[in-house]
Amino acid sequence: MQTNLLSRPTSAKSTNMSDKINHPQLCQWLESVAISRDKQAFTNLFQFFAPKILRIARGKFPNEAQANEVVQDTMSNVWRKAHLYNQDKGAATTWVYTVMRNVTFDMLRKIQGNKEDNLSDDIWPIAESMSIETEIFDDHLEHANLLSVIEELPQAQQDVVKGFYFREMSQEQLAVHLNLPLGTVKSRLRLALGKLKVQLGEQHD
Amino acid sequence: MKKINTTLPIFPLPVFLLPGGVTKLRIFEPRYLKMVSTALSGEGFVVWLQDKYISANEKSTNMPWGSWVEIINFDQGDDGILEIDVKCKSLVAINSITQDEKNLHFGDVSCIPHWSEVHVDKVYGELSTSLASVFAENESLDNLYPQKGLNDSHWVLARWIEILPIELNEKNAFVVSYSFKEAKAFVESVILE
């Protein structure tokens, strides 16, 4: 008998976009994230939503980094705000896509703002080139921008990482801990569980 | 079986806890906030292991059981949500369940014995040192256990079963089916070989 002890069948299924969406499963994951900061549930949500969000975001933003930022910001909002999801009010997918829409609007607004700045630079190129002071000022701004971008990205990741409450090791963590390849750890777990099942069967016979 | 029968609030969660085990929970639903406030002045509550992997079949053939917990710490998260640390003091059989008008479950429960609540003065060299290094590497886990039982082989084994990455229905079997001996053989074959 083939049992799917460790293959985490749901996450495998969820990446298959043509399949029917398992709404109760998504709700359960969101709930686990909200209540017990369940890292595995969040991973499952990430695997389900990230490719879909990325695909939509690529259509809205010309550059890959911006599309990735939409994924990052959306998922970190999902992590932080999972408790605000109410399954009586709508599907988990609707809620996550609403979070994504808000992130997208924020980013478009930001880009729009940048465009206006660029435009004003273009209108007064001569004035700008004449004033050394302006150049310094620009450089200073650019530098500050860069710093804020650097600070912002790890912060978003940090929020996700910081928020995880340790409840269970992931298979990856266990592999690192035992200093073994992931595959070896997976098969060890599978074999050890299989052995238990056999023993249990013998007891019942 | 100890003859302690009592009625306690029940919180269905995908959380596996053995006696001595501690976990952090985030509480935001009004009914569970109410539960926590009664639990603080009363006798705690029961975490009832719920997970879709625990099939209907297993639920009907196996006794429903839960982890009777007491609240040992509480705090407010960055987002203002109540966070509580709960520690399991005993496993209980859930004999019957009722629901109140606020949709909160109450169970008539009785304590069931489990090897993990028996303290022993016996050290597993490698399982214990390996667990100690897991604690050392994970601050949030370490913080849950200011006092560790690394010299107690049952405590060490129970914590390993709680944190190993296996499905919750597999963990469930360490309460309903497997003995201490089998649990020990399992953890050793994963960690030591």
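Reader: What makes B:Ile84 the bridge partner of B:Leu25?

Author: The model here is a predicted one. In it, B:Leu25 is bridged to B:Ile84, which sits in β5(B). That pair belongs to a longer run: β2(B) and β5(B) are joined by 6 bridges and run antiparallel. Two strands pair once DSSP finds at least two bridges between them, so these strands count as paired.

Reader: How do you know whether strand β2 of chain B is enclosed or open?

Author: Go by its residues. Strand β2, residues 22–27 of chain B, has 6 residues and 5 of them are buried, so the strand is largely enclosed by the rest of the structure.

Reader: What about β1(B), which strands does β1(B) join?

Author: One is β6(B): 6 bridges link β1(B), residues 5–13, to β6(B), and the two run antiparallel. On that side B:Thr6 stands opposite B:Val109. Another is β3(B), residues 45–49, joined to β1(B) by 4 bridges in a parallel arrangement. There, B:Phe11 has B:Val47 as its bridge partner. Both links reach the two-bridge minimum, so both count as pairings.

Reader: B:Phe11 again, then. What makes B:Phe11 stand out in the largest nonpolar core?

Author: Contacts. The core has 79 residues, and B:Phe11 is among those with the most contacts inside it. The list also takes in A:Leu30, A:Val33 and A:Leu45 from chain A, plus B:Val46, B:Trp160 and B:Val187 from chain B. As for B:Trp160, leaving out residues up to four places away in sequence, it touches B:Leu127, B:Leu131, B:Val187 and B:Ile191.

Reader: Why is B:Leu150 called partly exposed?

Author: Count the neighbours: B:Leu150 has 18 other C-beta atoms within 10 Å. Buried needs 20 or more and exposed needs 12 or fewer, so B:Leu150 lands in between, as partly exposed. It lies in the loop between α4 and α5 of chain B.

Reader: And which residues does B:Leu150 touch?

Author: Setting aside residues up to four places away in sequence, B:Leu150 touches B:Ser128, B:Leu131, B:Ala132 and B:Val156. B:Thr129 is 21 residues from B:Leu150 in sequence, and the two are 8.0 Å apart in space, C-alpha to C-alpha.

Reader: Why does A:Arg37 count as buried, and B:Asn103 as exposed?

Author: Same test, applied to each. A:Arg37 has 23 C-beta neighbours inside 10 Å, and the mark is 20 or more, so A:Arg37 is buried. B:Asn103 has 9, and 12 or fewer means exposed, so that is its label.

Reader: What makes the phi of these two worth a look?

Author: The sign. Most residues other than glycine have a negative phi. Phi of A:Arg37 is near 50 degrees, a positive value, and phi of B:Asn103 is near 75 degrees, also positive. A:Arg37 is in the loop between α2 and α3 of chain A, while B:Asn103 is in the loop between β5 and β6 of chain B.

Reader: How do you describe the packing of α3(A) and α4(A)?

Author: With an angle and a distance between axes, the usual terms for two packed helices. The axes of α3(A) and α4(A) come within 9 Å and cross at roughly 145 degrees, and the crossing is right-handed. Among the residues that meet are A:Phe42, A:Phe46 and A:Phe49 in α3(A), and A:Val70, A:Met75 and A:Trp79 in α4(A). By class, this contact has 14 nonpolar, 1 polar and 1 charged residues.

Reader: How many residues meet where chain A touches chain B?

Author: 28 residues of chain A are in contact with 29 of chain B. On the chain A side, α2, α8 and α9 each give two or more residues, and α9(A) has the largest share, with 7. That side divides into 13 nonpolar, 9 polar and 6 charged residues.

Reader: What elements make up each chain?

Author: Chain A has 9 helices and 0 strands, whereas chain B has 7 helices and 6 strands. Along the sequence, chain B reads β-β-α-β-α-β-β-β-α-α-α-α-α. Buried residues are 25% of the 205 in chain A and 37% of the 193 in chain B.

Key: Residues numbered from 1 in each chain as written. Chains lettered and ligands numbered in written order. Predicted model: local features only at pLDDT ≥ 70, side-chain atom pairs only at ≥ 80, totals over all residues. Core = buried A, V, L, I, M, F, W, Y, C linked by C-beta atoms within 7 Å. Contact = placed C-beta atoms within 7 Å. Axes fitted to C-alpha atoms, helices over the stretch in contact; angles between N-to-C directions. Left-handed = near helix turned anticlockwise from the far one by under 90°. Nonpolar A, V, L, I, M, F, W, Y, C, P; charged D, E, K, R; others polar.
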